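Me: I am new to this structure. Please show it to me, and then let me ask how the labels were reached.

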Amino acid sequence: MFKYVVKRLLQAIFILVGISLILYILIRIMPVNIIRDKYYATHAQSDASEEELQKILDMYNLGDNSFKGICYGWWTWISNFIRGDLGNCLSRSEAVGDVIFRNMGLSFAISFISLILQLLIAIPLGIKCACNQYSKLDYTVTVLTMIGISFPSFFFANIVVKIFAVDLGWFPTGSLTSADLPTTANGFTVFVNMVWHLILPILVLTVLSIGSMMRYTRTNTLEVLNADYIRTARAKGLSENKVVYKHVFRNTLIPLVTTLAGILPGLFGGSMIIEQIFSLPGIGNTAYELTQKGDIPFIMGYDMFIATLTVIGILLTDIMYAIVDPRVKLGK
């Protein structure tokens, strides 16, 4: 196990170095220099100074376009990233790391609650449909999940807003708290108001994700149900519940572990479209706003942050294989 983890860590470092190189080179070969354009857009022609502009470019490691300068700029940037210094935003007088971690909490809360609901609904439902293949329940759930999978997130979110917020008026939308909430409201009142605003975004994220996880669970369960050892367990007289929840369920988890690789970046990366529609101040909405403004330091820092989480998620997924399947030997 230890040798395998060390090997995977070394591979992860190699992958992250490659990602950082690609990301930095893409920024450097952009057809326009956003920093230069923004500088001249905010300075009158008489006030513009090439020396001042060059200092700004050097501050963001984008000043020297020679091969040596590019290598030095990348090394400086990635060294700062390793130390936790993601640089400073162009459009805000804040550090990139502060912007990410300040807005990450809300996105994490929404994604985490949605993930728990997905697991609680999709996995039991997938197993139930597999155990009752071609039943009315199986056909009904299959049709509904296929409809849910087919809906684009922005389309389904707007339908939910139209029905539950505009027509019925059951839920508020457009911000994290109500505009008429008194400034003297206590913490509990504010918390309840925020929870009420987050019901629709969580509902949308959960419904859109249940379908794929349920279908994945159903397919894997059907494969396991046809295995020889399941027929043997039934022949030995074990109850159906024991066969399903002791033997089938554990082996169904093995392929599902693969989906864990995308959970970690999904939890911390936010949902850009959903946060945009519901005007939530999460990291997804912030990333969309600063990307539109061409905030290069934020784009680079945020992308490397997500890439790091993705690599960690893949590593944790490989380790989880050994937990759910003893046949997997990570030491080899």
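**Cysteines and a helix**

Reply: Start with C131. This is a predicted model. The closest cysteine sulfur to that of C131 belongs to C129, 9.4 Å away, too far for a bond.

Me: What makes 9.4 Å too far for C129 and C131?

Reply: A disulfide needs two cysteine sulfur atoms within 2.5 Å. From C129, the closest cysteine sulfur is in C131, at 9.4 Å, so no bond is assigned there. The structure holds zero disulfides.

Me: Why is C129 called buried?

Reply: Buried means under 20% relative accessible area. C129 has 0%, so C129 counts as buried.

Me: And why is C131 called partly exposed?

Reply: Partly exposed lies between the 20% and 50% cut-offs. C131 has 33% relative accessibility, so C131 falls in that class.

Me: How do you know that the span of helix α7 agrees with its number of residues?

Reply: Helix α7 covers residues 153-167, which is 15 residues. At 1.5 Å a residue, the expected span is 21 Å. The end C-alpha atoms are 20 Å apart, so the two values agree.

Me: Where is the kink in α7 centred?

Reply: On V161, with a bend of about 30°. V161 is also one of the buried residues of α7, along with F156, A157, V160 and A165.

Me: What covers the buried residues of α7?

Reply: The cover includes α8 (187-225) and α12 (272-277).

Me: Which residue just after α7 takes a positive phi?

Reply: G169 does, at about 70°.

Methods
Residues are numbered from 1 along each chain as its sequence is written. This is a predicted model: local features need pLDDT of at least 70, side-chain atom pairs count only at pLDDT 80 or more; totals for chains, interfaces and linings use all residues. Side-chain values use heavy atoms; hydrogens and water are left out. Buried means under 20% relative accessible area, exposed over 50%, partly exposed in between (1.4 Å probe, protein chains only). Helices (H or I, at least four residues) and strands (E, at least two) are DSSP runs, numbered from the N terminus. The expected span of a helix is 1.5 Å times one less than its number of residues. The bend at a residue is the angle between axes fitted to the seven residues ending there and the seven starting there. Contact means heavy atoms within 4.5 Å.
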